[in-house]
Structures are given as C-alpha cells and as structure tokens.
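Here is a friendly walk through one structure, meant to be read with the model open beside you. Please take a look at it first.

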Amino acid sequence: MMTTKLALAGGALAACMAWNAAAQSAAPAMAVPAEATIPAGPKGLAIQNGRKLLTQTRQMLPKNVGNGLNCTSCHLAGGTTANASPWVGIWGVFPEYRSRSGKVISLQERVNDCFERSMNGKALAYDSAAMNDILSYMQWLSTGVPTGSSVKGRGFAAVDQKLKADPAHGKQVYAAKCASCHGAQGQGVANPAGGFLFPPVWGKDSFNDGAGMARTFTAAAFVKHNMPLGQGGSLSDQDALDVAEYFTHQPRPLYRGKSKDWPSGGKPKDARS
Ligand code: HEC
Ligand code: HEC
C-alpha cells in the first residue's frame, strides 16, 4: 500500500520497483540446517522436543488443541516446505507488524495466534517450557538466515487475486481431487491409534473461521502449491480458488474474537469477520 502511495505522490514508481526487485533477489534461499548441527545437552533436547510438539501437537498438548490437527498439518514437513508457510528464518523477522493484530507482535504471540485459530485451542503461557521448546526449534531452523530477512518461499505463493471463485465448481473439484483423503464430508480419516491419518478440512475437528486458512485466497494459495499432497502445482489457480471457496465456507468452529481483527483497517476482501 505504502509503495502505491509513494508512486502516486512522487512518480517514484521505477525506484520502488527497483527497490522491490533488489529486496527480492536479496532474499536468502530456504536452507534447512543439517540434523548433526543440533547441539548436545539441554538446548538440543529443547530443539528436539519443540519439533515433536509441533508435529504431535494434538497428542502432546491436549489442553491447548481444540481440533484434530497438528501444527505440521499445514506447516508441512516440520515447517521446512517452501510455500507451506515454513518456519525457516522466522526467528529473525519477529517482532513484526501485522495488520490483523494492528500492532507489532512477538513470535510467541504469532505462535499463539495459530493455537487459538488454526488449532481452535488455547494459547500457551509465554514462559512455558513448551513455548520455549517451540521457539528453540524455530530458532535452530533459522540458523544462518540473516536477522530481518524473509527466506524465499516464506508464507504461501499467492494465486491470481483478480479471479472470482465459483463454489459450485469447487464442490466438483473437491469430490474429484480431495475427498479420497479428506473425506466426502471434509471429516478426514481417523487413525485407529488416535488422531487422524488424513486431517479434516471442515467440521468440528477443523480450524476455526478466524484462521488464516479460513480465508479463500490464503487457502487457495496453500492448496495450489501443496495439494493434493504430493502433487502440488497440479491445480490451476482457478480450480484452487474454487475448491478453497467451497471447503473454507463449510461449517466449522467459530472464533469469537474475530470482530476485533484488523482494528486499524487493511481488512482483506476474503476476511471472515
Ligand atoms: C490450518 C492450518 C494451520 C495450522 C494447523 C497451523 N497454522 Fe500456523 N499458519 C497458518 C497460516 C494460514 C499462516 C499464515 C497466515 C497469514 O499470514 O495469512 C500461518 C502462520 C504461522 C506463523 C507465522 C509464519 C510467518 O512466516 O510469518 C507461525 C510462526 C505459525 N503459523 C505457527 C504455527 C504453530 C506453532 C502452529 C501449531 C500450534 C500452527 N502454526 C498451526 C496455518 C496453520
Ligand atoms: C493423497 C491424500 C491427499 C489428497 C488427495 C489431498 N490431501 Fe490435503 N492433506 C493431506 C495430508 C496427509 C495433509 C496433512 C499433511 C501432514 O500432516 O503432513 C493434508 C493437509 C491439508 C490441509 C491443511 C490441514 C487441514 O486439514 O486443514 C488442507 C486445507 C488440505 N489438505 C486441503 C486439500 C484439498 C483442497 C485437496 C484437494 C485439492 C487435498 N487437500 C487433497 C492429504 C491429501
């Protein structure tokens, strides 16, 4: 937004574009540190336990998780997948301003945002052992990424923002490409040993309507590059958008705090509040 205003005001468009291009090319590649770099001793144990908490969240933190998901149901492969909101490099970009919160937030607050929304659960205490272990893992993953730099592949790669979603077509895409794993009713496939083999995408065990994944364009960007699992990039932008509009708007838990989101404006067009 800022760049648009600047460009209009001062004819500085070219300069802004050059700056953006430079910022882009300066983005460090997403490199995951070698396993052997996890140190011995208490810090190494914290890193290992942090990874376990993020991949077995439901089982290990039942008081904080209110649905059938683990953090890595969306942050794929332990948060090491580009364009699936990787955690590589995020240690050095928080605290960060977020328009949804309308303020600068810490990495702890960001983690808790996902506990309360994506996991439909409860925040961890900032000074809890679990929070420190989670941060330790994210810090280790960010080894070598310069402070303040976002890696290439941070977040999700957007789909064409000008497209209009067609949920009726999305329902057909869902039946053809998603239902085999996520279930005809979005309920997922339960693991007889507890939890889910394939996670739910709507219903009581899914993320709530205040989650980033409940936004059509955010979900479309995730789906386009990561789903069907193992076939990321196979859907067109239009198919990804249509199926995202369809499944995000099926019944799901409600997030009570969402009317307080974007307190200073900048609410995106696909926001649910
Ligand atoms: C249902 C999918 C989903 C689950 C499950 C989930 N997240 Fe997220 N997470 C997202 C989305 C979507 C974003 C980006 C939201 C946005 O900025 O629009 C995100 C962003 C983040 C970020 C910030 C990344 C960045 O580059 O700024 C962190 C940190 C994070 N999540 C941690 C967690 C943790 C910890 C858990 C488990 C407690 C978790 N997430 C569970 C979907 C999920
Ligand atoms: C081959 C099975 C498979 C297919 C087909 C598939 N997914 Fe997934 N999907 C998964 C698995 C497994 C995960 C969780 C990954 C993990 O835990 O490592 C996942 C995660 C997700 C998530 C984030 C977690 C959640 O449950 O909210 C969404 C959203 C999602 N898939 C949507 C889709 C959509 C839309 C399609 C169809 C275009 C699709 N998937 C097709 C297996 C599949």
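The report below covers confidence, then the two ligand shells, then the nonpolar core.

**Confidence**

This is a predicted model, so it helps to begin with how far the predictor trusts it. The mean pLDDT of the chain is 92, and 91% of the residues reach 70 or more. Residues 1-19 are a stretch to treat with care: pLDDT stays under 50 there, and the model has six contacts beyond four places in sequence for them.

**The two ligand shells**

The table sets out the surroundings of each ligand.

| Ligand | Residues around the ligand | Nearest residues | Make-up of the shell |
|---|---|---|---|
| Ligand 1 | 24 residues | Cys-71, Cys-74, Cys-114, Ser-118 and Gly-212 | 14 nonpolar, eight polar and two charged residues |
| Ligand 2 | 23 residues | Cys-178, Cys-181, Pro-199, Met-227 and Pro-228 | 17 nonpolar, five polar and one charged residue |

Which helix gives the most to the shell around ligand 1? That is helix 6, residues 107-116, with four residues. For ligand 2, the helix giving the most is helix 9, with three residues. Helix 9 spans residues 179-182, and helix 11 also supplies at least two residues of the shell around ligand 2.

Domain 1 (35-141) and domain 2 (167-256) each provide at least three residues of the shell around ligand 1. The shell around ligand 2 likewise takes at least three residues from domain 1 and at least three from domain 2.

**The nonpolar core**

Now to the interior. The largest nonpolar core holds 54 residues, and Ala-220, Val-223 and Val-243 have the most contacts inside it. Several helices each supply at least two residues of this core: helix 3 (42-55), helix 6, helix 7 (129-141), helix 8 (167-177), helix 10 (216-226) and helix 11 (237-248). Of these, helix 7 contributes the largest share, seven residues. Both domains take part here as well, with at least three core residues from domain 1 and at least three from domain 2.

What does Ala-220 touch once its neighbours within four places in sequence are left aside? Its contacts are Val-159, Ala-240, Leu-241 and Ala-244.

**Bringing it together**

Two helices are worth a second look. Helix 6 supplies residues both to the shell around ligand 1 and to the largest nonpolar core. Helix 11 supplies at least two residues to the shell around ligand 2 and at least two to that core.

Methods:
Residues are numbered from 1 along each chain as its sequence is written. Chains are lettered from A and ligands numbered from 1 in the order in which they are written. This is a predicted model: local features need pLDDT of at least 70, side-chain atom pairs count only at pLDDT 80 or more; totals for chains, interfaces and linings use all residues. A residue is near a molecule or strand if its C-beta atom, placed from the backbone, lies within 6 Å of it. Ala, Val, Leu, Ile, Met, Phe, Trp, Tyr, Cys and Pro count as nonpolar, Asp, Glu, Lys and Arg as charged, and the others, Gly among them, as polar. Domain bounds come from an automatic or database domain assignment. A nonpolar core is a set of buried Ala, Val, Leu, Ile, Met, Phe, Trp, Tyr and Cys residues joined through C-beta atoms within 7 Å. A residue is buried if 20 or more other C-beta atoms lie within 10 Å of its own, exposed if 12 or fewer, and partly exposed in between; C-beta atoms are placed from the backbone. Two residues are in contact if their C-beta atoms, placed from the backbone, lie within 7 Å. pLDDT is the predictor's confidence in each residue, from 0 to 100.
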